[in-house]
Amino acid sequence: MNVPYPLPTRKPYTADRVRELFNAAGLPLSTWAEKNGYSRHEVYCVIGGRSKSTRGKCHEIALKLGLKLSVEQLVA
């Protein structure tokens with residue numbers, strides 16, 4: 001399941017913006033987490049800034065949510 005909003009192309013979203021976009025779509029972050037095979041705890045740690053998201057699952061979550069840009073987006 002993809003996020004219910006377009007991913008950023010130039011500047012990553014802030015955690016507050018991601019929360020706003022999920023609220024506008026009427027989709028709880030916990031539902032998105034479960035459908036993508038992540039625990040709610042991991043997603044909320046990324047959104048809350050308790051994880052630096054530099055590698056592993058947390059990095060993957062940050063990329064999918066648009067909190068970080070991928071290498072391809074940075075080069076383009």
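1. A residue counts as buried when its relative accessible area is under 20% and as exposed when that area is over 50%. The structure discussed here is a predicted model. By the cut-off for burial, C45 is buried, because its relative accessibility is 13%.

2. C45 also bears on the question of disulfides. How far is the sulfur of C45 from the closest cysteine sulfur? The closest one belongs to C58 and lies 6.7 Å away, which is too far for a bond. A pair of cysteine sulfur atoms would have to be within 2.5 Å to be assigned as a disulfide. Seen from the other side, C58 takes part in no disulfide, its nearest cysteine sulfur being that of C45. The count of disulfides is accordingly given as zero.

3. The overall fold may be described next. The chain contains five helices and zero strands, and its pattern along the sequence reads α-α-α-α-α. The C-alpha trace spans about 30 × 25 × 20 Å along its principal axes. The radius of gyration is 12 Å, which agrees with the value near 11 Å that a compact globule of 76 residues would have.

4. Burial and contacts across the chain are as follows. Of its 76 residues, 38% count as buried. Among contacts with a sequence separation of 6 or more, 45% join residues 24 or more positions apart. The exposed surface comes to about 5,000 Å², with carbon and sulfur atoms supplying 52% of it.

5. On charge, the chain carries 12 positive and 6 negative side chains. The centres of these two sets are 3 Å apart.

6. Helix α3 deserves separate mention. Which residues of α3 are buried? They are E42, V43, C45, V46 and I47. These buried residues pack against three helices, namely α1 (15-25), α2 (29-35) and α4. G49, with a positive phi near 80°, follows α3.

7. The loop between α3 (40-48) and α4 (56-65) holds S53. The phi of S53 is positive, about 60°, although this residue is not a glycine. Is S53 buried or exposed? S53 counts as buried, because its relative accessibility is 5%. A reviewer may wish to inspect the backbone at this position, where phi is positive in a residue other than glycine.

8. L69 is located in the loop between α4 and α5. With a relative accessibility of 15%, L69 counts as buried. Leaving aside residues up to four places away in sequence, L69 touches P8, T9, R10, K11, P12, L63 and L74. For one of these partners, K11, the separation from L69 is 58 residues in sequence, while the C-alpha atoms are 7.4 Å apart in space.

9. V75 belongs to helix α5, which covers residues 71-75. V75 counts as exposed, because its relative accessibility is 68%. Where does V75 stand with respect to R19? The two are 56 residues apart along the chain, and their C-alpha atoms are separated by 27 Å.

10. In summary, the note describes a predicted model with five helices and zero strands. C45 is one of the buried residues of α3, and its sulfur is too far from that of C58 for a bond. S53 and L69 lie in loops, S53 between α3 and α4 and L69 between α4 and α5; S53 is buried at 5% relative accessibility and L69 at 15%.

Technical notes. Residues numbered from 1 in each chain as written. Predicted model: local features only at pLDDT ≥ 70, side-chain atom pairs only at ≥ 80, totals over all residues. Heavy atoms only, no water. Helix = DSSP H or I, 4+ residues; strand = E, 2+ residues; numbered from the N terminus. Rg over C-alpha atoms; globule rule 2.2 N^0.38 Å. Buried < 20%, exposed > 50% of the residue type's maximum accessible area, 1.4 Å probe, protein only. Contact = heavy atoms within 4.5 Å. Areas by Shrake-Rupley, 256 points an atom, 1.4 Å probe, with all protein chains shown as cover. Lys, Arg positive; Asp, Glu negative; His and termini not counted. Charge placed at Lys NZ, Arg CZ, Asp CG, Glu CD.
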